[in-house]
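User: Could you take one part of this model and walk me through it closely, in plain bench language? I'd like to know what it packs against and what sits around it.

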Amino acid sequence: MAMTTDRPATAFAVSILGGIFVLLAGILVGVVGFVVTAPFGGFGISLGIAGVVWGIVIIIAAIMMFERPDEHTLWGIIAIVFSILSWIGAFGGFFIGFLLGLTGGILAIVWTPESRAGY
């Protein structure tokens, strides 16, 4: 019996970690931005909101690449694009979020199902 790896599990795990880092960085930027700009109306929170949105999109892309492996290329591209955008509003998710999201997106794009004999 041959076991197939029919889901891009590594790409999923790496991308979701990247999305979590971007999300956390976006929250931090939003809180700090609000505190710093509170006397002027708190408009500094808007950058943090953008970072939170980018993190959520990366997490959704990771989940979708796992749930819909036939669309792995599309979701990998989305993870890459929003990892790059994470520099706006989340400082790249402490840089590690950017690297993880980028790596996960690339892994999703190059992923192909393979069969292993003996399992």
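Analyst: One term first: a polar contact here is a pair of N or O atoms within 3.5 Å, and within protein one of the two must be able to donate a hydrogen and the other to accept it. Ser-83 gives a case of this, since its side chain reaches the backbone oxygen of Ala-79 at 2.7 Å, inside that 3.5 Å limit. Keep in mind throughout that this is a predicted model.

The part I'd pick is helix α4, residues 87–94, together with what surrounds it. A bit of context helps. The protein has five helices and two strands, and reading along the sequence you get β-α-α-α-α-α-β. The C-alpha trace spans about 65 × 20 × 20 Å along its principal axes. Of the 119 residues, 40% are buried. Among contacts with a separation of 6 or more, 77% are between residues 24 or more positions apart.

Now zoom in on α4. Which of its residues are buried? They are Gly-89, Ala-90, Gly-92 and Gly-93. Look down the axis of α4 and these buried residues fall within an arc of 140 degrees, so they line one face of the helix. As for what lies over them, the cover includes α1 (9–37), α2 (45–67) and α5 (96–110).

The end of α4 is where the backbone gets interesting. As background, most residues other than glycine have a negative phi. Phe-94, which still belongs to helix α4, has a positive phi of about 60 degrees although it is not a glycine. Phe-94 counts as partly exposed, because its relative accessibility is 45% and that class runs between 20% and 50%. Just after α4 comes Phe-95, with a positive phi of about 70 degrees. Phe-95 is also a residue other than glycine, and it lies in the loop between α4 and α5. At 42% relative accessibility, Phe-95 counts as partly exposed too.

What do the aromatic rings do around here? Phe-95 pairs with Phe-98: the ring centres are 6.1 Å apart and the planes sit at 40 degrees, so the pair is tilted. Tilted is the label for planes that are neither under 30 degrees apart (stacked) nor over 60 (edge-to-face). Phe-98 is buried, with a relative accessible area of 14%, whereas Phe-95 is partly exposed at 42%. Ring pairs also bring in Trp-87, so that Trp-87, Phe-95 and Phe-98 form a cluster. Across the whole structure, a search finds five aromatic pairs.

From Phe-98 you can step over to helix α3, residues 72–85. Ser-83 is in α3 and is in contact with Phe-98, as well as with Ile-58, Gly-101 and Leu-102, leaving aside neighbours within four places in sequence. How accessible is Ser-83? It comes out at 0% relative accessibility, and therefore counts as buried. So this is a buried serine whose side chain has the backbone oxygen of Ala-79 at 2.7 Å.

Further back in α3 sits His-72, which counts as buried at 13% relative accessibility. A polar atom of the His-72 side chain lies 2.6 Å from the backbone oxygen of Ala-108. Setting aside its neighbours within four places in sequence, His-72 touches Ala-108, Ile-109 and Trp-111. Ala-108 falls within the 96–110 stretch of α5, and α5 is one of the helices covering the buried residues of α4.

Next along the chain towards the N terminus is a charged pair. The side chains of Arg-68 and Glu-71 meet in a salt bridge, 3.8 Å from N to O, and the structure holds one salt bridge. Both partners are partly exposed: Arg-68 has a relative accessible area of 43% and Glu-71 has 30%. Another arginine, Arg-7, lies over the face of Phe-66, at 5.1 Å from the ring centre.

To pull it back to α4: its buried residues line one face, α1, α2 and α5 are among what covers them, and Phe-95 follows the helix with a positive phi while its ring joins the cluster with Trp-87 and Phe-98.

Technical notes. Residues are numbered from 1 along each chain as its sequence is written. This is a predicted model: local features need pLDDT of at least 70, side-chain atom pairs count only at pLDDT 80 or more; totals for chains, interfaces and linings use all residues. Side-chain values use heavy atoms; hydrogens and water are left out. Buried means under 20% relative accessible area, exposed over 50%, partly exposed in between (1.4 Å probe, protein chains only). Helices (H or I, at least four residues) and strands (E, at least two) are DSSP runs, numbered from the N terminus. The arc is that of the directions from the helix axis to the C-beta atoms. Contact means heavy atoms within 4.5 Å. Rings of Phe, Tyr and Trp (its six-membered ring) pair if their centres lie within 6.5 Å; planes under 30 degrees apart count as stacked, over 60 as edge-to-face and the rest as tilted. A charge sits over a ring if NZ of Lys or CZ of Arg is within 6 Å of the ring centre and within 35 degrees of the ring normal. A salt bridge is a side-chain nitrogen of Lys or Arg within 4 Å of a carboxyl oxygen of Asp or Glu.
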